[in-house]
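User: I want to learn how to read aromatic pairs and pockets from coordinates. Can you take me through an example?

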Amino acid sequence: VFRLLPRKLAAQTYEYLDIDHQKNLLKAMGQEQVASILNDMAPDDRTALFEELPSAAVQQLISLLTPEERLTAQTLLNYPEDSIGRFMTPDFIAVRRDWTVQDVLNYVRANGSDKETLNVAYVIDDKGKLIDDIRMREFLIAPLDKKVSEMMDENFVWLPVRADKETAVEVFKKYARTALPVVDSEEHLV
């Protein structure tokens with residue numbers, strides 16, 4: 001039945017299966033179908049799968065990824081094992097302070113289908129440093145000519161990329177958030 005699913009739906013369905021079913025399907029599928037599934041998976045879900053497999057199998061599976069997805073997978077796997085870096089998604093909306101609401105909405109329409117998190121837009125400077133976050137709801141109700149800088153309050157919460165899972169859970173609970181930005185040691189959004 002799984003083989004009959006359209007490509008995108010197959011990847012989405014695969015992400016929801018428990019690890020034993022995922023492993024069994026990997027063994028049962030051909031290389032082309034495995035490549036298709038892995039390339040269409042969300043990076044954080046793919047990383048979680050790779051963590052459950054022997055390193056030789058992971059190296060073989062990484063070789064099936066497109067160059068862009070391979071780079072993403074290797075980047076996430078290079079973070080310490082229990083760090084947030086392993087669990088984060090690199091698929092988010094980053095905007096600039098000099099953009100208008102219309103610019104943000106146009107950007108989301110053009111790029112949002114590939115993003116896992118659409119409820120918050122992260123404001124970054126020219127060097128990629130996180131300077132604020134704004135809920136998408138605010139863009140939907142603001143005048144189209146309003147600048148992002150006019151909407152910023154610079155009151156935001158973030159997680160360091162090397163923070164552990166327990167720390168992340170505490171921060172999510174404390175601030176009642178469904179998504180949080182992750183930054184490196186120089187506060188660049190990752």
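Analyst: We will go through aromatic pairs, then pockets. Keep in mind that this is a predicted model.

User: How many aromatic pairs does a search of the whole structure find?

Analyst: The search gives three aromatic pairs. One of them joins F2 and Y14, with 6.2 Å centre to centre and 55 degrees between the planes; that makes the pair tilted. F2 sits in the segment before α1 (7–16) and Y14 in helix α1, 12 residues apart, so the pair links distant parts of the chain.

User: Are F2 and Y14 buried or exposed?

Analyst: Buried means under 20% relative accessible area. F2 has 12%, so F2 is buried. Y14 is buried too, at 0%.

User: What type of pair do F92 and Y122 form, and why?

Analyst: Planes over 60 degrees apart count as edge-to-face. Here the planes are at 75 degrees, so the pair is edge-to-face; the ring centres are 6.2 Å apart. F92 lies in the loop between α6 (67–77) and β1 (93–96), and Y122 in strand β2 (residues 120–124), 30 residues apart. Both F92 and Y122 are buried.

User: Now the pockets. What is the volume of the largest pocket, and what lines it?

Analyst: Rolling a probe the size of a water molecule over the atoms shows where empty space is left. The largest pocket has a volume of about 690 Å³. It is lined by 21 residues, with D40, M41, P43, D91 and D114 the closest to its centre. α1 gives the most to this lining, six residues. By class, the lining has six nonpolar, five polar and 10 charged residues.

User: And which classes line the second largest pocket?

Analyst: That pocket holds about 370 Å³. Its lining has 13 nonpolar, three polar and two charged residues.

Methods:
Residues are numbered from 1 along each chain as its sequence is written. This is a predicted model: local features need pLDDT of at least 70, side-chain atom pairs count only at pLDDT 80 or more; totals for chains, interfaces and linings use all residues. Side-chain values use heavy atoms; hydrogens and water are left out. Rings of Phe, Tyr and Trp (its six-membered ring) pair if their centres lie within 6.5 Å; planes under 30 degrees apart count as stacked, over 60 as edge-to-face and the rest as tilted. Helices (H or I, at least four residues) and strands (E, at least two) are DSSP runs, numbered from the N terminus. Buried means under 20% relative accessible area, exposed over 50%, partly exposed in between (1.4 Å probe, protein chains only). On a 1 Å grid over the protein atoms alone, a cavity is a set of points where a 1.4 Å probe fits but cannot get out, and a pocket is an open set with protein on both sides within 12 Å along at least five of seven lines; lining residues have an atom within 4 Å of a point. Grid points are joined across faces, edges and corners, and a volume is the space filled by probe spheres set on the points. Ala, Val, Leu, Ile, Met, Phe, Trp, Tyr, Cys and Pro count as nonpolar, Asp, Glu, Lys and Arg as charged, and the others, Gly among them, as polar.
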